[in-house]
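Open the model in your viewer and keep the selection tool at hand. Each stop below says what to select next and what is there.

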Amino acid sequence: WAQPYDTGVSARVMDKKDGSDVGYMLEHNVLSGFQTYVSDGQGEVSRVIEPNGNQHYDDEWPHVAGVHDRKDVVRLYVDGVEILDGNNLLDGDAQNENADNDSPFYIARRPSGEYFAGLIDELYLYKKALTLEEVLQNMNATQSVAAVEAGGKLSMTWASIKVSR
């Protein structure tokens with residue numbers, strides 16, 4: 001779930017790309033909405049871009065999933081709907097695309113330090129390509145496996161201390 005603020009700049013939800021752009025990322029693009037990107041540095045960049053133009057999600061929490069099966073398809077789902085564009089299917093040279101790299105995995109920022117302006121909740125990274133059914137199951141889950149109670153945690157305690165001053 002990601003709620004990007006309208007700041008006029010693109011912002012990464014997550015990023016694992018190296019200096020040659022080998023890797024993958026999911027971002028909210030200021031010009032086109034959400035996009036997912038995969039590249040092995042050997043062929044065409046594989047990306048799927050939301051076709052809604054300058055898409056803003058003020059006060060909304062879209063469920064966003066980027067999926068790459070390392071064979072021939074890159075998929076983007078927004079609120080359980082697959083986004084299709086001319087980049088979903090890869091060229092023959094890009095099959096078995098290996099986007100592995102030794103770069104760090106970043107959440108809510110680019111490696112250059114540009115930070116995501118907005119909110120992100122329940123970010124998951126899987127070692128397999130999810131099916132549409134699995135994406136929908138995650139989106140419709142009423143309880144998160146990662147849910148925690150905020151009370152008593154360091155961030156809440158620190159906030160309470162600051163407010164009491």
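Buried here means under 20% relative accessible area, exposed means over 50%, and partly exposed lies in between. Keep those cut-offs in mind for the stops that follow.

**Stop 1: the whole chain**

Show everything as a cartoon. This is a predicted model. The protein has two helices and 10 strands. Trace the cartoon along the sequence, and the pattern reads β-β-β-β-β-β-β-β-β-β-α-α. Of the 165 residues, 37% count as buried. Turn on the surface: the accessible area comes to about 10100 Å², and 50% of that belongs to carbon and sulfur atoms. Now consider contacts between residues at least 6 apart in sequence: 54% of them join residues at least 24 apart.

**Stop 2: colour by pLDDT**

The protein averages a pLDDT of 77, and 70% of the residues score at least 70. Which element has the lowest mean pLDDT, and which the highest? Select residues 154–164 for the lowest: this is helix α2, with a mean of 57. Then select residues 132–140, helix α1, which has the highest mean at 93. Next, select residues 90–94. Here pLDDT stays under 50. For this stretch the model has eight contacts beyond four places in sequence.

**Stop 3: an open sheet**

Select β6, β7 and β8. These three strands form an open sheet in the order β6-β7-β8, with antiparallel pairing. Why is one side of β6 and of β8 left without a neighbour in the sheet? Both stand at the edges, β6 at 64–68 and β8 at 81–83, and each has a single partner strand, so one side stays unpaired. From one strand to the next, the twist averages 30°. Show the backbone hydrogen bonds as well. Strands of a sheet pair through such bonds, either parallel or antiparallel.

**Stop 4: strand β7 and its partners**

Select residues 74–78, which make up β7. Is β7 mostly covered or uncovered? Mostly covered: four of its five residues are buried.

Add β6 to the selection. Five bridges join β6 to β7, and the two run antiparallel. Pick Val 67, and you will find Arg 75 of β7 opposite. Pick His 68 next; its bridge partner in β7 is Val 74.

Swap β6 for β8. β7 and β8 pair in the antiparallel sense over three bridges. Tyr 77 has Glu 82 of β8 as its bridge partner. The two strands form a hairpin with two residues between them. In that turn, Asp 79 has a positive phi of about 55°.

**Stop 5: Glu 82**

Centre on Glu 82, in strand β8. At a relative accessible area of 30%, Glu 82 is partly exposed. Show the side chain of Arg 75 too. Glu 82 and Arg 75 meet in a salt bridge, 2.8 Å from N to O. Arg 75 is also partly exposed, at 28% relative accessibility. Now add Leu 132. Leu 132 lies 50 residues from Glu 82 along the chain, yet their C-alpha atoms are separated by 8.2 Å.

**Stop 6: the charged network**

Side chains of opposite charge can pair when their charged atoms come close. How many salt bridges does a search of the whole structure find? It finds six.

Select Arg 12, Asp 15, Glu 27 and Arg 110: these are linked in a network of salt bridges. Start from Arg 12. Its salt bridge with Asp 15 has its closest N and O atoms 2.2 Å apart. A second salt bridge joins Arg 12 to Glu 27, at 3.0 Å from N to O. This pair links distant parts of the chain: Arg 12 is in strand β2 (residues 11–17), Glu 27 is in strand β3 (residues 23–29), and the two are 15 residues apart.

Colour these side chains by accessibility. Arg 12 stands at 7% relative accessibility, so it counts as buried. Asp 15 is buried at 0%. Glu 27 is buried at 4%.

Methods. Residues numbered from 1 in each chain as written. Predicted model: local features only at pLDDT ≥ 70, side-chain atom pairs only at ≥ 80, totals over all residues. Heavy atoms only, no water. Pairing = 2+ DSSP bridges. Axes fitted to C-alpha atoms, helices over the stretch in contact; angles between N-to-C directions. Salt bridge = Lys/Arg side-chain N within 4 Å of Asp/Glu carboxyl O. Buried < 20%, exposed > 50% of the residue type's maximum accessible area, 1.4 Å probe, protein only. Contact = heavy atoms within 4.5 Å. Areas by Shrake-Rupley, 256 points an atom, 1.4 Å probe, with all protein chains shown as cover. pLDDT = per-residue confidence, 0-100.
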